[in-house]
Amino acid sequence: MTGEPASEVQRPPAPTSRRSLIAAVVVLCVTQLVGWGVLFYAMPVALEVMSADTGWSRSALSGAFTAGLIVSAFVGVPMGWLVERRGPRMLMTLGSLLTLPPILLISRAESLTELTIGWMLCGIAMPALFYQVSFAACAAWLGKDRVKGITAVTLVGGVSSTVFAPLTSALLEAYGWRTTWVILGILLVVVLVPLQWFFLTPPWTPVRKETTGIGVGPIVRSGRFIALSASVTTFTLCGFAVTLTIVSLMTERGFSHGFGAVALGVVGLGQLLGRLGFGRFSAPAIRSIRNIVIVATMVTSTMLLVAITGPMWAVVVIAVLFGAARGAGTLMHATAVVEVWGPERYGALVGVFGMPITLAQALSPWIGASLAGALGSFAAMDLAMAIAAAIAGIGIYLTTRARPGDRLEVYPSSA
């Protein structure tokens, strides 16, 4: 077995009703909404309040949170193997249950050590509740409709901050940060556990090498897989670094802090638009062109964010374009593996593929701020990220363009 794509081996079909599939996808979407909201977006909102109450620095609090994301990156690898063999129902339900004890520890933390341990324990459950397991479930259950399912999952995940940022803010104002974490932890368990247990029930065919004829090891050691992973990781790092420092860039360029927050908000709007449009360009003949357009849009819009100093509406338009590229980029890396190596070992492959991407997401705020300090400005940092993203785009094009043996499946439009 070489590192090149294997010919397709179909899983034995398992009968299931369309209603149960729709219900399962809805639950996957709700999982992203609540999982990202509680375990990712609530912490940045609570940061200032926690710092003011405890005296712990914002950087120290961010470091504790980052530690949890780093743990999740490494746990994601075996999680990919587990979802292939067990399916998403048990993993997601157990993951939801396992979040409550560490969140309660976070709520009662009297030291940074306790807080860090709480977030690291949360990191064990994060891969079950974030995109990875949901992507694998969509790939296995939906067949050629998988892009529709993955698009729906990422769309709902994309609005998680819109729901949970104001909710967390309101809870903080009413109850303080410690009670807020207790409420959020209980909310996650009460909402997700029954939904996951009772509705993630479509039949699951366990995946094993002997039944598919496809070995994961030779693929992940191949030059093509490594180059694709490195390129997508670099692209993701650049996108996150620019996004999470856009408020600083706007104030540096002479805009108000309030307008910087608006720019960050419309990046989120752009992500929704990018994800909605992604499925229209899934035909094998145009996938490479689609990927280049995504990269080129992000590179160009990043450079324009630095160059354009007004009017405000122009900056808003550019921020929307940047967000669209980032949103489509999420689906690009979600589907890249299955487009080249097929769906049979998607769970295990995406676990390995996603580990450096998750690490990049966790480290991107620190890398962006550190690079801005080294280069003297956030504008210079953004230009460096644009150059790095362009180089990554070359790697993405070379590794995703069609070759003999690739899985040239035609996905229905996600419109």
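How far apart are the end C-alpha atoms of α8, and what should its 23 residues span?

**Setting up.** I am working with a predicted model, where local features need pLDDT of at least 70, side-chain atom pairs count only at pLDDT 80 or more, and totals for chains, interfaces and linings use all residues. Numbering runs from 1 along each chain as its sequence is written, and side-chain values use heavy atoms, with hydrogens and water left out.

**Helix α8.** I took helices as DSSP runs of H or I, at least four residues, numbered from the N terminus. Helix α8 covers residues 177-199. Its end C-alpha atoms lie 33 Å apart, which agrees with the 33 Å expected at 1.5 Å a residue; that expected span is 1.5 Å times one less than the number of residues. I also found a kink of about 25 degrees at L192, shortly before the proline P194. The bend is the angle between axes fitted to the seven residues ending at a residue and the seven starting there.

**Q196.** Is Q196 buried or exposed? I noted it as buried, with a relative accessible area of 0% (buried is under 20%, exposed over 50%, partly exposed in between; 1.4 Å probe, protein chains only). Leaving aside neighbours within four places in sequence, Q196 is in contact (heavy atoms within 4.5 Å) with V27, T31, R89, M92, T93, S96 and L129. The cover over the buried residues of α8 includes α1, α3, α4 and α7.

**F322.** Next I looked at F322, in helix α15 (residues 312-341). F322 is buried too, at 0%. Beyond its neighbours within four places, its contacts include G239, V267 and M298.

Terms used: Helices (H or I, at least four residues) and strands (E, at least two) are DSSP runs, numbered from the N terminus.
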